[in-house]
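User: Please take a close look at one part of this model. Start from a single site and work outward through its surroundings. Give me the numbers as you go.

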Amino acid sequence: MAKQNLLLVDNDTQHLRVMEVSLRKAGYAVTTARSGSEALTKASGSPPDLIVSDTAMPGVDGFELCSQLKSDMRLREIPFVFLTRDGAVESKVRGLQLGAEDYLPKPFDPVLLRARIGASLDRKRLGDAERVAFAALEESQGKLAAELAEAAAYVQSVLPAPLMAGPVTASWQFLPSSTLGGDAFGYGSLGDDLFGICLLDVCGHGVG
């Protein structure tokens with residue numbers, strides 16, 4: 001099984017290195033960035049499984065990084081965790097409102113950080129599985145709708161034409177109560193002043 005890739009973002013080189021070593025020992029593949037703009041470039045080129053970022057960085061800070069990633073349809077599902085010395089409630093609220101999964105304090109507790117990262121990745125796996133299942137369901141429903149439409153067109157094609165002249169005239173409307181009505185009918189002259197009508201009722205037995 002391939003290692004899950006984490007992107008760590010911090011302009012504090014020493015802290016970045018400590019965090020990188022700790023998470024590599026935990027079995028993760030790790031990519032680092034020392035600025036928000038560098039992180040955007042790396043995430044766009046090779047989307048990671050999760051991003052851990054500081055908030056206070058020159059240029060594109062952590063909040064702006066999170067905001068830009070969450071506005072990108074290709075990258076918005078990547079879990080984003082803030083790891084910062086800024087413990088103000090306002091900062092935590094802002095980070096979570098931007099779509100971050102978690103907000104943890106520096107200096108980090110290795111056990112807690114790994115636990116939070118693991119939980120975030122588990123939620124992402126579940127979300128990914130749900131999206132795949134939903135896409136498969138939509139595809140299946142689309143195919144079924146197309147098959148039902150084809151079958152409905154066939155049923156319409158075998159019904160008799162209205163009789164507009166002759167000793168017997170006939171007109172009709174075929175209004176199925178769902179996408180495909182299984183009932184059918186037919187009529188026509190049988191000769192010797194006889195006119196035949198048949199009605200087929202197969203309602204309630206499924207499409208087959």
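Analyst: Thr84 touches Asp54, Thr55, Tyr103, Leu104, Pro105 and Lys106, once residues up to four places away in sequence are set aside. The model is predicted. Thr84 belongs to strand β4. Its relative accessible area is 3%. Thr84 therefore counts as buried, since the limit is under 20%. One longer distance helps to place this residue. Thr84 and Gly127 are 43 residues apart along the chain, and 26 Å separates their C-alpha atoms.

Where does β4 sit in the sheet? The sheet is open and has five strands, in the order β2-β1-β3-β4-β5. The pairing is parallel. β2 and β5 stand at the edges. Each has a single partner strand, so one side of each lacks a neighbour in the sheet. From one strand to the next, the twist averages 20°. Strands of a sheet pair through backbone hydrogen bonds, in a parallel or an antiparallel manner.

Next, the rings. Pairs are counted when ring centres lie within 6.5 Å. By this rule there are six aromatic pairs. One of them joins Phe63 and Phe82. Their centres are 5.3 Å apart, with 55° between the planes, and the pair is tilted. This pair links distant parts of the chain. Phe63 is in helix α3 (residues 62–70), Phe82 is in strand β4 (residues 80–84), and their positions lie 19 residues apart in the numbering. Phe63 has 7% relative accessibility and so counts as buried. Phe82 has 0% and so counts as buried too.

Phe82 also pairs with Tyr103. That pair is tilted, at 5.6 Å centre to centre and 50° between the planes. It too links distant parts of the chain: Phe82 in β4 and Tyr103 in strand β5 (residues 102–105), 21 residues apart. Tyr103 is buried because its relative accessible area is 10%, under the 20% limit. Ring pairs link Phe63, Phe80, Phe82 and Tyr103 into a cluster. Tyr103 ties this cluster back to the starting site, as Thr84 touches Tyr103.

Phe80 and Phe82 lead on to the nonpolar core. The largest core has 18 residues. Leu7, Val9, Ile51, Leu65, Leu69, Phe80 and Phe82 touch the most other members. Which elements give two or more residues to this core? They are β1, α2 (36–45), α3 and β4. Helix α3 gives the most, with four residues. A second, separate core has 16 residues, including Met19, Leu23, Leu50 and Leu104. Leu104 is one of the residues that Thr84 touches. In soluble globular proteins, nonpolar side chains tend to be buried together.

Leu69 merits its own look. Not counting residues up to four places away in sequence, Leu69 touches Leu40, Ala43, Ile51, Leu75, Arg76 and Phe80. Ala43 is found in helix α2. At 0% relative accessibility, Ala43 counts as buried. Beyond its neighbours within four places in sequence, Ala43 is in contact with Leu7, Pro48, Leu69, Arg74 and Leu75. Ala43 and Pro105 are 62 residues apart along the chain, with 23 Å between their C-alpha atoms.

Leu7 leads to the other side of the sheet order. Strand β1 (residues 5–9) is joined to strand β2 (residues 29–33) by five bridges, and the two run parallel. Leu6 stands opposite Val30 in β2. Val9 stands opposite Ala33 in β2. The chain gets from β1 to β2 through helix α1 (residues 13–25), and this β-α-β crossover is right-handed.

Thr32 is in strand β2. Is Thr32 buried or exposed? Thr32 is buried, at a relative accessible area of 14%. Leaving aside neighbours within four places in sequence, Thr32 is in contact with Leu7, Leu8, Leu16, Glu20, Glu38 and Lys42.

In short, Thr84 is buried in this model and touches Tyr103. Tyr103 joins the ring cluster with Phe63, Phe80 and Phe82. Phe80 and Phe82 are among the residues that touch the most other members of the largest core.

Methods
Residues are numbered from 1 along each chain as its sequence is written. This is a predicted model: local features need pLDDT of at least 70, side-chain atom pairs count only at pLDDT 80 or more; totals for chains, interfaces and linings use all residues. Side-chain values use heavy atoms; hydrogens and water are left out. Rings of Phe, Tyr and Trp (its six-membered ring) pair if their centres lie within 6.5 Å; planes under 30 degrees apart count as stacked, over 60 as edge-to-face and the rest as tilted. Buried means under 20% relative accessible area, exposed over 50%, partly exposed in between (1.4 Å probe, protein chains only). Two strands pair if DSSP finds at least two bridges between them. A crossover is right-handed if, with the strands pointing away from the viewer, the path from the first strand over the helix to the second runs clockwise. A nonpolar core is a set of buried Ala, Val, Leu, Ile, Met, Phe, Trp, Tyr and Cys residues joined through side-chain atoms within 4.5 Å. Contact means heavy atoms within 4.5 Å. Axes are lines fitted to C-alpha atoms, for helices over the stretch in contact, and angles run from 0 to 180 degrees between N-to-C directions.
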